[in-house]
Amino acid sequence: MEKLIDESVQGAALLLDKSIKNSRKLYIESYGCQMNFSDSEIVASILAAEGFNTTDRLEEADLVLVNTCSIREKAELNVRKRLEKFNAIKKNKPHLKVGVLGCMAERLKSQLLEEEKIVDMVVGPDAYKDLPNLVREIDAGRNAVNVLLSKEETYGDIAPIRLHSNGVTAFVSITRGCDNMCTFCVVPFTRGRERSRDPQSIVQEVRELWNKGFKEVTLLGQNVDSYLWYGGGLKKDFDKATEMQKATAVDFSDLLRLVAEALPKMRIRFSTSNPQDMTLKVVHTMAAYRNICNHIHLPVQSGSDRILKAMNRLHTRVEYMTLIENIRNIIPNCGISQDIIAGFPTETEEDHQDTLSLMDHVKYDFGFMFTYSERPGTMAARKLVDDVPEAVKKRRLEEIIALQRRHSLYRTKKYLGKTEEVLIENSSKKSDAQWMGRTSANTVVVFPKEGYVIGDFVNVKIMDCTSATLLGNAVGLSENN
């Protein structure tokens, strides 16, 4: 629930440069959050070495893979509809093989492979290195499955093929799994316990991206603040580490510093943070380096202490607001965004009002807001009754969204008359005559193209705004070019 889901790219087919050595065609769709799209880059890299070129034409495919998400019900329903279509195509194309990857694969392995018989291959999020063996199994006419969750696997030794990239921004995974057992979330059961990548492999990947012309990276994890490298192994086993391992351990603040100092002109973002784990050491590190962006995505989920406890969120309302105040004292212009769930089981009108009042206190720059969707296998599904009527959930969500829009406009208006550094990412969706980029605080800016190009850092004077977008005029290249 805490990972950001970009609805505009859900189900997009991946298309990469072809290798003349490869003779087979891979069609791969991704659903869910950035972690899934990042994993698809790893899968594409592994299968490219096994003779597969990608295609965005389903009728050309020899192998169809769907990288799935179990966090929201909508994503699962979309995947099931796609699997039905793929199986219809298989009737006229017997050699076509269909596989399911990722979180949904791990959770529904028996149902998809044995009961419904709608796929040939099921591959969990820790088993991608086994894909060459699994493909050989299905080539031989046998079903293939590997959904074992690993204590070590982080794919730090695989150079991902960048998919759907604008050549400017990229995601770099730093952790896998999660130890925070939020009752609404299926991630700990589908991605396993938390483990971190070797920091030097992360720095090297960011350096390679810089050498290829990328200007911004987002360090990605289910909970980046829990990053902890002490030579390998699970975070929960850190207390068993040697004194030397503990003395030389690298936490998330240390990692940020390593990346910022190694690539001083590379913009650095991160997602997602957890209020219970975020330290002021991280915030002070952000403030110390110009190339670490002043934006924190800090999911709150609810403003009610009672609901937070039911969600097993290990922070209180007061602790959360105190963290926000400390962040703004250290980085006054820091953009802060949220995730909020409307209609969690047993949520009363008073609980809902607590969420609205917390939003009024924080006044987030933007947010990601959903109604509660019960996910099978979670603690909430096992222990709590989904007792808030859908109409009430919808009404509460509408009130949350309306309030967020007012707060977003309040935040964007504060930029009027100021000059902000913007990294150009793409043409504006509304006008090919304008560029689109983002400020350090992650606010979208649109301005006339003039002579600038994608990848330029441009100083833009803000002249107007909506609740979601700043409108301005470029006044020159920034010193970061």
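A residue counts as buried when its relative accessible area is under 20%. In this predicted model, Tyr 372 comes in at 4% relative accessibility, so it falls on the buried side of that cut-off. Phe 344 goes further down the scale: its relative accessibility is 0%, so it is buried too.

These two residues also turn up together, in one of the five aromatic pairs that the structure holds. The rings of Phe 344 and Tyr 372 sit edge-to-face, with 5.1 Å from centre to centre and 75° between the planes. The pair ties together distant parts of the chain, 28 residues apart. Phe 344 belongs to the loop between β15 and α13, while Tyr 372 belongs to the loop between β16 and α14. Phe 366 and Phe 368 make an edge-to-face pair as well, because their planes stand at 80°, with the ring centres 6.0 Å apart. Phe 368, at 23% relative accessible area, is partly exposed.

Next comes the largest nonpolar core, which has 51 residues. Leu 219 is among the members that touch the most others, along with Phe 252, Leu 255 and Phe 270. Beyond its sequence neighbours within four places, Leu 219 is in contact with residues including Val 172, Ile 202, Phe 252, Arg 269 and Ser 271.

As for open space, the second largest pocket holds about 600 Å³. Its lining is made of 29 residues, and Asn 294, Asn 333, Glu 420, Ser 440 and Ala 441 are the closest to the centre. The lining mixes eleven nonpolar, eight polar and ten charged residues. Both α10 and β17 give at least two residues to this lining, and β17 has the largest share, with three.

Methods:
Residues numbered from 1 in each chain as written. Predicted model: local features only at pLDDT ≥ 70, side-chain atom pairs only at ≥ 80, totals over all residues. Heavy atoms only, no water. 1 Å grid on protein atoms, 1.4 Å probe; cavity = no way out; pocket = protein on both sides within 12 Å on 5 of 7 lines; lining within 4 Å. Points joined across faces, edges and corners; volume = space filled by probe spheres on them. Helix = DSSP H or I, 4+ residues; strand = E, 2+ residues; numbered from the N terminus. Nonpolar A, V, L, I, M, F, W, Y, C, P; charged D, E, K, R; others polar. Core = buried A, V, L, I, M, F, W, Y, C linked by side-chain atoms within 4.5 Å. Buried < 20%, exposed > 50% of the residue type's maximum accessible area, 1.4 Å probe, protein only. Contact = heavy atoms within 4.5 Å. Phe/Tyr/Trp six-rings, centres within 6.5 Å; stacked < 30°, edge-to-face > 60°.
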